[in-house]
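Colleague: Could you take me through this model and tell me what lies behind the terms you use for it?

Modeller: Gladly; let us put it on the screen and begin.

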Amino acid sequence: MQTYLLSQQFNAGSLAENSTACPANATICNGTSCVLPEDNFNENLSVILSTVLTIMLALVMFSMGCNVELKKFLAHVKRPWGIFVGFLCQFGIMPLTAFLLSLAFNVLPIQAVVVLIMGCCPGGTASNIIAYWVDGDMDLSISMTTCSTLLAMGMMPLCLFIYTKMWTDSDAIVLPYDSIGISLVALVIPVSFGIYVKHRWPSKAKTILKIGSILGAILIVIIAVVGGILYKGSWIISPKLWIIGTIFPAAGYSLGFFLARVAGLSWHRCRTVSLETGMQNTQLCSTIVQLSFTPEQLELMFTFPLIYSIFQLLFALLILGAYRVYRRHRVKTKTDVEKTGEKENSKSTSSHAKTNGGFVPNETK
């Protein structure tokens, strides 16, 4: 049966002036009240955009796979020290940080639960895109994302069981294993095709990678804009959640980098682990929240995954900007050193030529 929404009362004076004051799509018009069909704009927009974004994401992950060398990828799997460090960050640091932030800000139990759900989610695929832009280890990035999504099948229930006891029964939280499985398939299949292209046609893989990196940047912006459109009516929530949504991703990036450095990983792998730790699968968190709570409960915390998503993106862009400035400065400094060295070599060569009757070695000509 089609549901209906009762529109606002029309002004009696305007009705007298204009007998067609009721909207054209009103099914019942009685006196000053009209009954309108339910507006499914957001629902239809969500379905269309989800389809488009899924296709774009598959293309982006295919292009990211074109930067992965099979031998290096398998080396990470055979010697999974980097993956293990990422595992500790993903399912050790993040849930614990979520727990401590919830305690520190003394949020409502239902709000604490959504913060914990976010902390227990696996890494998001956006981390692979940013890792490429900061010259991270793409083989490690993709293997970490794949492994965290796979391990989430068991680690999410365990972490939620441990940390949500003081606020709610963990059995009340519905974990969408089908969504986790879909995320895993959507990651593994395009990346596998990309690795195959890299192996067979390395030159074509470079072109695909450049296009995919640009497409990935566009995808991140679209996701942020779409979130603002779909959830524009849900922004009035507790200021505490806004603060947590700001601190949480920053803590994830910082602690992930610190732990990776303590574990002895190289700088480019530290950047990779940092991004994999701070960037969570916010879409999965939103799905879990919608499946687990009533509409009344959703009003208190439904927007938190989007808040986290916005700030994790902002901090990732700051990391990217800082790295680009650093790299430009380092290259410039290195160039100046090389030029200074060349001048010194030229002077020594000239001096050597004078003392040897003008003889100059062939390699300096």
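Modeller: A residue counts as buried when its relative accessible area is under 20%. By that cut-off, 41% of the 365 residues of the protein chain are buried. Please keep in mind that this is a predicted model. The protein chain has 14 helices and 3 strands.

Colleague: What makes the 42 residues a nonpolar core?

Modeller: A nonpolar core is a set of buried residues of nonpolar types, joined through side-chain atoms within 4.5 Å. The largest such set here has 42 residues, and Val115, Ile117, Met156, Phe248, Val289, Phe293 and Met301 touch the most other members. Helices 4, 5, 7, 10, 12, 13 and 14 each supply at least two residues of this core, with the largest share, 9 residues, coming from helix 5.

Colleague: Which residues does Met156 touch, leaving out those up to four places away in sequence?

Modeller: Met156 touches Ile117, Cys120, Cys121, Pro122, Leu175, Ile180, Leu284 and Ile288. There is also a second, separate core of 24 residues, including Val60, Phe73, Ile130 and Met279.

Colleague: Why are helix 4 and helix 7 called oblique to each other?

Modeller: Their axes come within 9 Å and cross at roughly 40°. Roughly parallel would need an angle under 35 degrees, and roughly perpendicular 65 to 115. The angle of roughly 40° fits neither range, so helix 4 and helix 7 are oblique. Their crossing is right-handed. Among the residues making the contact are Gly82, Gly86 and Phe91 of helix 4 and Leu140, Ser148 and Tyr163 of helix 7.

Colleague: How many residues of that contact are nonpolar, polar or charged?

Modeller: The contact of helix 4 with helix 7 has 14 nonpolar residues, 5 polar and no charged.

Colleague: And how do you know that helix 4 is roughly antiparallel to helix 5?

Modeller: Helix 4 and helix 5 pack at an angle of about 165°, with their axes 8 Å apart. Angles over 145 degrees count as roughly antiparallel, so helix 4 and helix 5 earn that description. Helix 4 passes helix 5 in a right-handed crossing. The contact includes Met94, Ala98 and Ser102 of helix 4, along with Ala112, Val115 and Gly119 of helix 5. The residues of this contact divide into 9 nonpolar, 3 polar and no charged.

Notes: Residues are numbered from 1 along each chain as its sequence is written. This is a predicted model: local features need pLDDT of at least 70, side-chain atom pairs count only at pLDDT 80 or more; totals for chains, interfaces and linings use all residues. Side-chain values use heavy atoms; hydrogens and water are left out. Buried means under 20% relative accessible area, exposed over 50%, partly exposed in between (1.4 Å probe, protein chains only). Helices (H or I, at least four residues) and strands (E, at least two) are DSSP runs, numbered from the N terminus. Contact means heavy atoms within 4.5 Å. Axes are lines fitted to C-alpha atoms, for helices over the stretch in contact, and angles run from 0 to 180 degrees between N-to-C directions. A crossing is left-handed if the near helix is turned anticlockwise from the far one by less than a right angle, and right-handed if clockwise. Ala, Val, Leu, Ile, Met, Phe, Trp, Tyr, Cys and Pro count as nonpolar, Asp, Glu, Lys and Arg as charged, and the others, Gly among them, as polar.
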